Amino acid sequence: MDLFEKLKPNELAAEAMEKGIYPYFHALETRQDIQVVMEGKRRIMLGSNNYLGLTNNPEVIEAGKKALDQYGSGCSGSRFLNGTLKMHLELEEELADFLHKEAVVTFPSGFQSNLGIISALAGRHDYILCDRENHASIYDGCRLSQATMLRYRHGDMADLEKKLKEIPDTAGCLIVTDGVFSMGGDIANLPEIVRLARQYRARIMVDDAHGLGVLGEGGRGTPSYYGLEDEIDVYMGTFSKSLASLGGYMASSKFIADHVRHNSRPFIFAASIPPASCACALASLRVLKKEPWRVQRLKDISNYVQKGLTERAIPHKLTSVPIIPIYTHDPENTLIMAKRAYDGGVYVNPVLPPATPMTECLLRTSYMATHTDSILDEAMDILGNVLEGSK
């Protein structure tokens, strides 16, 4: 049998293309900002993870330029061999200090971070407890580890405890959860997860990709938000969101960090973060530390948008973070609404199965600390008109 005979086109994508409502791969012609030019037209950006608005920050951009001049365009090797820059070590040290952890290990991407961390910490005879709505990279990290993965219902602590009771006393156990869930914007119940982990002798890993720069003291993330920094064994995060660059990290004890550095195949056998990306992440971290108003502004924006959507009778989910889902229910209606919003001048992200159940599709809106009230009002007016036309 020919390998490619079983390949089939994506039916949903093909149908959306045929109907003119295909929502993906729109090309940006300007920088990632609160307003962009996309395919020749101005669009208000409500679909970016650039939470702190630092992709256009002059200090961040200048740091990237200087790194290109000093180090060149790439490292041409892994961190394990010739690919460690002094700047990598500076970034790890400053981030560890900021997160109140002993050590940080950086990876070329956030996705690769989860692959590398989970596969290094858990093995064939271990168990991983995974929230059903965790990011895809967590699922792939679990598969790579060859540990037994048990999924618990999203945010359901009773179901998590039920699964914990099934694990043999002789097996190692790791509970992995998103801190802030990227689609729904809800926050993990870390206090209860910590309680259960203590009771059943499990370790805890939090994927805080959408928590860093958003929650906690000075933007330190979900564990800080709950005051549980010392209770979480491993933090994972990315540089592609609040820190306006590319790459990922693990924050932990020195013992765990050293183990991962010497046992994680996705770390050992991958080229290191390029100089410009490393410099931009480090500069973004420094801006975050000296400009905590950005974190407060995100909170204020979240409240402002929640109020504005309610006033315009736009059905949405109440959240405490700058991720606010707007309900559109079935896939085709979601694609139609996303297309109408796009044509009206607002970019949002349609969320479809398998990311959501078939009847719970939504438009994911997300916000930046640099959004102005006037821009937000304009965007919400457009969305209100779009959704009113669908009734």
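What follows is a set of questions and answers on how features of this predicted model get their labels.

This is a predicted model, with local features needing pLDDT of at least 70 and side-chain atom pairs pLDDT 80 or more, while totals for chains, interfaces and linings use all residues. Residues are numbered from 1 along each chain as its sequence is written, and side-chain values use heavy atoms, with hydrogens and water left out.

Q: What makes the chain as compact as a globular protein of its length?
A: Start with the inventory: 14 helices and 13 strands, where helices (H or I, at least four residues) and strands (E, at least two) are DSSP runs numbered from the N terminus. The radius of gyration, taken over C-alpha atoms, is set against a globule rule of 2.2 Å times the number of residues to the power 0.38. For 391 residues that rule gives 21 Å and the chain comes out at 21 Å, so it is as compact as a globular protein of that length. The C-alpha atoms fill a box of roughly 60 × 55 × 55 Å along the principal axes.

Q: How much of the chain counts as buried?
A: The label goes by relative accessible area: buried is under 20%, exposed is over 50%, and partly exposed is in between (1.4 Å probe, protein chains only). On that scale, 55% of the 391 residues are buried.

Q: Why is Gly-384 called buried?
A: Its relative accessible area is 16%, and the cut-off for buried is under 20%, so Gly-384 gets the label. Gly-384 is found in helix H14 (residues 373–388). Its C-alpha atom is 10.0 Å from that of Gly-308, 76 residues apart along the chain.

Q: How do you know that Glu-59 and Lys-290 form a salt bridge?
A: The rule asks for a side-chain nitrogen of Lys or Arg within 4 Å of a carboxyl oxygen of Asp or Glu. Here the closest N and O atoms are 2.8 Å apart, so the pair passes the 4 Å test. Glu-59 lies in helix H2 (residues 58–71) and Lys-290 in helix H11 (residues 275–290), so the pair ties together parts that are 231 residues apart in sequence. Glu-59 itself is partly exposed, at 39% relative accessibility.

Q: What does the salt bridge between Glu-94 and Lys-289 tie together?
A: With the closest N and O atoms 3.4 Å apart, Glu-94 and Lys-289 make a salt bridge too. Glu-94 is in helix H3 (residues 86–99) and Lys-289 is in helix H11, so this pair links parts 195 residues apart in sequence. Lys-289 is partly exposed, at 37%.

Q: How far apart in helix H13 are Lys-339 and Asp-343?
A: Their side chains meet in a salt bridge at 2.7 Å, N to O. The two are four residues apart in helix H13 (residues 331–344), which puts about one helical turn between them. Lys-339 is partly exposed at 29%, and so is Asp-343 at 36%. Elsewhere, salt bridges that share partners join Arg-153, Asp-156, Asp-159 and Lys-163 into one network. By this rule the count comes to 21 salt bridges.

Q: Why does Arg-364 have no salt bridge?
A: Arg-364 is buried, and the nearest side chain of opposite charge, Asp-178, is 9.6 Å away. For charge, Lys and Arg count as positive and Asp and Glu as negative, while His and the chain ends are not counted. A salt bridge has to fall within 4 Å, so Asp-178 doesn't qualify.

Q: What makes the pairing of Arg-364 with Asn-49 a polar contact?
A: A polar contact is a pair of N or O atoms within 3.5 Å; within protein, one must be able to donate a hydrogen and the other to accept it, and residues adjacent in sequence count only if both atoms are side-chain atoms. The side chains of Arg-364 and Asn-49 come to 3.1 Å, so they fit under 3.5 Å. Arg-364, in strand S13 (residues 361–366), makes another polar contact with the side chain of Ser-366 at 3.4 Å.

Q: Which residues does Asn-349 touch beyond four places in sequence?
A: Contact means heavy atoms within 4.5 Å, and Asn-349 touches Gly-47, Leu-362, Leu-363 and Arg-364. Asn-349 lies in strand S12 (residues 349–351) and is buried at 19%. Its side chain also reaches the backbone oxygen of Gly-47 at 2.9 Å.
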